[in-house]
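Student: Before I look at the picture, could you help me understand how the words used for a structure are tied to the values behind them?

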Amino acid sequence: MNPREKQDAEFDKLADAMLRRIERAVSAFDPDEADVEMSGDVLNLTLGSQKIVINRHRAARQIWMAAQRKAWHFDPDAAGKVWKTGDAELVATLEAVLASLLGRSVRLGIS
């Protein structure tokens with residue numbers, strides 16, 4: 001395995017783990033609130049007529065999220081546990097978007 005393939009595999013492992021944690025957390029919501037669908041490396045969260053799309057982007061080594069006519073590109077920390085862009089963090093941003101769409105406080109419990 002060449003160095004690029006190794007880096008890609010490491011990134012995929014970190015990004016997939018985060019996407020799975022998000023999938024599990026949102027799957028615990030009432031099914032009337034949120035529909036969760038993972039297809040390949042794309043996680044779709046549907047809340048009524050609103051959609052949140054979260055996916056890994058290997059070429060950029062980022063997790064991308066789109067919701068409410070906005071988009072974010074999150075970079076992992078060295079351990080791959082915290083994904084940030086500027087002053088925004090993936091889990092906190094997702095919690096804020098979910099809270100806005102659901103009209104209630106949301107804590108995903110993802111570390």
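Student: What makes helix α1 roughly parallel to helix α2?

Tutor: In this predicted model, the axes of α1, residues 3–27, and α2, residues 90–102, come within 12 Å and cross at roughly 30 degrees. Angles under 35 degrees count as roughly parallel, and therefore α1 is described as roughly parallel to α2. The crossing of the two helices, α1 and α2, is right-handed.

Student: Which residues of α1 and α2 meet, and how do they divide into nonpolar, polar and charged?

Tutor: From α1 come M18, I22 and V26, which meet L90, V91, L94 and L98 of α2. Met, Ile, Val and Leu count as nonpolar, and the residues of this contact divide into 7 nonpolar, no polar and no charged.

Student: What is the order of the strands in the sheet, and what makes β1 and β7 its edge strands?

Tutor: The open sheet is formed by 7 strands in the order β1-β2-β3-β4-β5-β6-β7, with antiparallel pairing. Strands β1 (35–39) and β7 (88–89) each pair on one side only, and they are the edge strands.

Student: Where does α1 lie with respect to the strands?

Tutor: Helix α1 lies across β1, β2, β3, β4 and β6, and α1 runs at about 160 degrees to β3. Angles over 145 degrees count as roughly antiparallel, so the value of about 160 degrees places α1 roughly antiparallel to β3.

Student: How do you know that β3 and β4 pair?

Tutor: Two strands pair if at least two bridges are found between them, and β3 (residues 50–57) and β4 (residues 62–67) have 5 bridges in the antiparallel sense, so the two strands meet that condition. R56 stands opposite I63 of β4. These strands, β3 and β4, also form a hairpin with 4 residues between them, and R61, in the loop between β3 and β4, has a positive phi of about 55 degrees although it is not a glycine.

Student: How many bridges join β4 to β5?

Tutor: Strand β4 is joined to strand β5, residues 70–76, by 5 bridges, and the two run antiparallel. A66 has A71 in β5 as its bridge partner. The hairpin formed by β4 and β5 has 2 residues between the strands, and Q68 in the turn has a positive phi of about 50 degrees.

Student: Why is R69 called exposed?

Tutor: R69 is found in the loop between β4 and β5, and its relative accessibility is 89%. Exposed means over 50%, so R69 counts as exposed. R69 also has a positive phi, of about 60 degrees, although it is not a glycine.

Student: Is N44 buried or exposed, and why?

Tutor: N44, which lies in strand β2, has a relative accessible area of 14%. Buried means under 20%, and therefore N44 is called buried. Leaving aside neighbours within four places in sequence, N44 is in contact with D35, V36, E37, K51, I52 and V53.

Student: Why does Q50 count as partly exposed?

Tutor: Q50, found in strand β3, has a relative accessibility of 33%. Partly exposed is the range between the buried limit of 20% and the exposed limit of 50%, so Q50 counts as partly exposed. Leaving aside neighbours within four places in sequence, Q50 is in contact with L45 and L101. Although Q50 and L101 are 51 residues apart along the chain, their C-alpha atoms are separated by 7.7 Å.

Note on methods. Residues numbered from 1 in each chain as written. Predicted model: local features only at pLDDT ≥ 70, side-chain atom pairs only at ≥ 80, totals over all residues. Heavy atoms only, no water. Axes fitted to C-alpha atoms, helices over the stretch in contact; angles between N-to-C directions. Parallel < 35°, antiparallel > 145°, perpendicular 65-115°, else oblique. Left-handed = near helix turned anticlockwise from the far one by under 90°. Contact = heavy atoms within 4.5 Å. Buried < 20%, exposed > 50% of the residue type's maximum accessible area, 1.4 Å probe, protein only.
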